[in-house]
Amino acid sequence: MAKEQLKANASGIIYIDTQDNPTLGAKLKKDGTATLFLEYYRGCIEVVSKTGKVYSKADRERVSYKGRYIYYPAKTPEQKVHNDNTIRAFKQLALNKANELVTAEDGIEVATKRAKVDFLQYYQEYIDNYTKKDKRNVELSFSRFKDFLQATPRYSKYIKGMTPQQITPDMVREFAEYVSSRSRTAEGAASIYRRFRKVIVYALNHDILSKDPCIDKDGKKISIKSDSDFLRKDVLSAEEVQRLANCHYTFESDDIRRAFLLSCFTGMAFVDVKALTYGQIDLANGIITYQRAKTGVGVKIPLTNTILSLLGDVEAQHKGTDKVYNLKTYESCLKALHRWVEKAGIGGAVRDEQGKAVRDEKGNQVWWGKHISWHCARHSFGTILTANGTNPFVTQNLMGHSSISMTQKYVRAVDDAKQKAINTLPELSL
């Protein structure tokens, strides 16, 4: 602990952390060390003065730990390291004691393992052991939760550690509001909150949480509502897909170009295109067969001349397990996609005079034109099919939707586009 971070008052008391109950501090000794203590706040009591006046006084209890000390001031690197390690360990003790106080007030019997858990560390361990396809979304939920703690004065003290019992319905409700303010769409906010909720449910099932903080005192679930039937992402028109196909620029990636255009013509998600092998292409029967990573639904896509041209030389001596495209991480492919979309004049990031991306008051990046991600290719495929009059059940089959209700958002998107087109017609005075 750096010297300037510790300061003793006139009574020889060093308050190290005063944001939680118990307070963490130390009492100076003559030998240049300070004994650590925890000071518990028990509320207020009424006290009668010698003159008979009644007043309120804070009821505090201080418990010293004679075997735990720090150097004050720390003069050598070894003493500074000792202070850092000792205070870090003692903060964990204070965290455990704080958990016991909270649960005791609630009348809950505290399980030993629950009292020792740092929820932020638990959240990270949950992510480390997570193996499902939406891991990136779970990581985003954790990042948003930490941002929320840092940005909210009353909760910023928890950014260095918090017990599960310190997560309250009020905190969850404020977090939901924060996520909504940071997200471009209600659907995106709901997606982040759902992943946070998964961690909460996991903690409940493993006795890390004693009660569900996502349910308020009236028994109502705290949630973020989104219109699942409404298509919120930007989509490409058939003309814009053609514009992308015609656009070339220096250092472009042929694999990314062909893979993204294949998504536009098949509705395949990034994870499915990346995993596509030559063994899934059946030239004899003219189909691509794959299983959607997200839902496990099997899909068969008829081959067309355009799709064949995007697949490359299928008849070459490839092994069935060879990947069709050499795609790296999603982030690197998305960065290349944004550059390509901008070169084609379809949309891009708004930048200031220094070339830095402009952000709005919520911290979100500002875009001109359309904001195209890889998943927009899948939505574009569904919208173009619907606009051309394809039967919704055929669209459902081609996209691998598990229910027709998921396909309805494309019907609604086309209906909205038609309404906007009609609204552009001039009014007549009759």
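**Exercise 1. Work out how far apart Asp170 and Arg173 sit along helix α5.**

Step 1. Asp170 and Arg173 both belong to helix α5 (residues 169-182) and are three residues apart, so about one helical turn separates them. Helices here are DSSP runs of H or I with at least four residues, strands are runs of E with at least two, and the numbering starts at the N terminus.

Step 2. Before going on, know your model: it is predicted, so local features need pLDDT of at least 70 and side-chain atom pairs count only at pLDDT 80 or more, while totals for chains, interfaces and linings use all residues. Residues are numbered from 1 along each chain as its sequence is written, and side-chain values use heavy atoms, with hydrogens and water left out.

**Exercise 2. Find which side chains Arg173 meets in salt bridges.**

Step 1. Get the rule straight: a salt bridge is a side-chain nitrogen of Lys or Arg within 4 Å of a carboxyl oxygen of Asp or Glu.

Step 2. Start inside the helix: Asp170 and Arg173 form a salt bridge at 3.3 Å, N to O.

Step 3. Now try Asp216, whose side chain meets that of Arg173 at 3.5 Å, N to O. This pair links distant parts of the chain, 43 residues apart: Arg173 is in helix α5, and Asp216 is in the loop between α6 (186-205) and α7 (238-246).

Step 4. Check how covered each one is. Buried means under 20% relative accessible area, exposed means over 50%, and partly exposed is in between (1.4 Å probe, protein chains only). Asp216 has 14% and counts as buried, Arg173 has 31% and is partly exposed, and Asp170 has 43% and is partly exposed too.

**Exercise 3. Explain why the salt bridge of Glu240 and Lys370 ties together parts that are far along the sequence.**

Step 1. Look at the contact: the two side chains, Glu240 and Lys370, meet at 2.7 Å, N to O.

Step 2. Place the partners. Glu240 lies in helix α7 and Lys370 in the loop between β9 and α12 (375-387), so the bridge joins parts that are 130 residues apart in sequence.

Step 3. Compare their cover: Glu240 is buried at 12%, and Lys370 is partly exposed at 24%.

Step 4. Zoom out. Asp134, Arg195 and Lys198 are joined into one network by salt bridges that share partners, and the whole structure holds twelve salt bridges.

**Exercise 4. Put strands β5, β6 and β7 in order and trace their pairing.**

Step 1. The three strands make an open sheet, ordered β5-β6-β7, with antiparallel pairing. Strands pair if DSSP finds at least two bridges between them.

Step 2. Spot the edges: β5 (281-282) and β7 (298-302) each pair on one side only.

Step 3. Go from β5 to β6 (residues 287-291), where two bridges do the joining. Ile281 has Ile288 as its bridge partner, and Asp282 has Ile287.

Step 4. Go on from β6 to β7, which are joined by five bridges. Here Thr289 stands opposite Lys300.

Step 5. Check the hairpins. Between β5 and β6 there are four residues, and Gly286 takes a positive phi near 65°. Between β6 and β7 there are six, and Gly296 takes a positive phi near 80°.

**Exercise 5. Locate Asp360 and see how far it is from Arg182.**

Step 1. Asp360 is in the loop between β8 (347-349) and β9 (367-369). Its relative accessible area is 29%, so Asp360 is partly exposed.

Step 2. Asp360 and Arg182 are 178 residues apart in sequence, yet 9.9 Å apart in space, C-alpha to C-alpha.
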